[in-house]
Amino acid sequence: MRETPSVTQRCTSDRRDGAPCTAQAGASGYCIGHAPGAQDARRKGGHAKSRAERAGALVRAMTAGELEERLRALEDGGGGKVSP
Ligand SMILES: [Zn+2]
C-alpha cells in the first residue's frame, strides 16, 4: 500500500463536511469538484449546492416556454407522433 504521488494524487481540499477530500486530483492538485474553475462556476449560485438544488437551477434556467416545449416533445415522443 504505497502512495504514488503525481500519478494518483489525492485532492488536497476539504469536503463540505470538513473531511479531507479523497477524490483523485487532476493537474491542478484538486479533484474536478475542487478545481479553481469549478469553484468559479459554483460561486454563481452561492455556496456549494446539493444535486437537487443544481437540478432546480437547471429548470429555472429554462424559460416557461422552453419547459412547455420539452414537456410537449416528451408527450409527442411517447405517442409516437412527431409533427414538424
Ligand atoms: Zn476534492
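A helix, in the sense used here, is a DSSP run of H or I at least four residues long, and the elements are numbered from the N terminus.

**Figure 1. The whole chain runs α-α-α from the N terminus on.** What you're looking at is a predicted model. Its secondary structure adds up to three helices and zero strands. Of the 84 residues in the chain, buried ones make up 6%. Now take the contacts with a separation of 6 or more: residues 24 or more positions apart account for 3% of them.

**Figure 2. How confident is the predictor, and in which helix is confidence lowest?** Across the chain, pLDDT averages 76, and 69% of the residues score at least 70. H1 is where confidence is lowest, with a mean of 66, while helix H3 (residues 64-79) has the highest, at 80. Keep a rule of thumb in mind: where pLDDT is low, don't read the predicted coordinates in detail.

**Figure 3. His 34 is a buried residue in the segment before H1.** Why does His 34 count as buried? It has 20 other C-beta atoms within 10 Å, and the cut-off for buried is 20 or more. Skip the neighbours within four places in sequence, and His 34 is in contact with Cys 11, Ser 13 and Cys 21. You can also pick out Ala 23: it sits 11 residues from His 34 along the chain, and their C-alpha atoms are separated by 9.4 Å.

**Figure 4. Cys 21, also in the segment before H1, is partly exposed.** Count the other C-beta atoms within 10 Å of Cys 21 and you get 17, which lands between the cut-offs of 12 or fewer for exposed and 20 or more for buried. Which residues does Cys 21 touch, not counting those up to four places away in sequence? They are Cys 11, Ser 13, Asp 14, Arg 15, Cys 31 and His 34. Arg 10 is 11 residues from Cys 21 in sequence, and the two are 7.5 Å apart in space, C-alpha to C-alpha.

**Figure 5. Gln 24 is an exposed residue in the segment before helix H1 (36-43).** Gln 24 counts as exposed because it has 12 C-beta neighbours inside 10 Å, and 12 or fewer is the cut-off. Leave out residues up to four places away in sequence, and Gln 24 touches Thr 8, Arg 10 and Cys 31. Have a look at Thr 8 in particular: in sequence, Gln 24 and Thr 8 are 16 residues apart, yet in space they are 6.4 Å apart, C-alpha to C-alpha.

Conventions: Residues are numbered from 1 along each chain as its sequence is written. This is a predicted model: local features need pLDDT of at least 70, side-chain atom pairs count only at pLDDT 80 or more; totals for chains, interfaces and linings use all residues. Helices (H or I, at least four residues) and strands (E, at least two) are DSSP runs, numbered from the N terminus. Two residues are in contact if their C-beta atoms, placed from the backbone, lie within 7 Å. pLDDT is the predictor's confidence in each residue, from 0 to 100.
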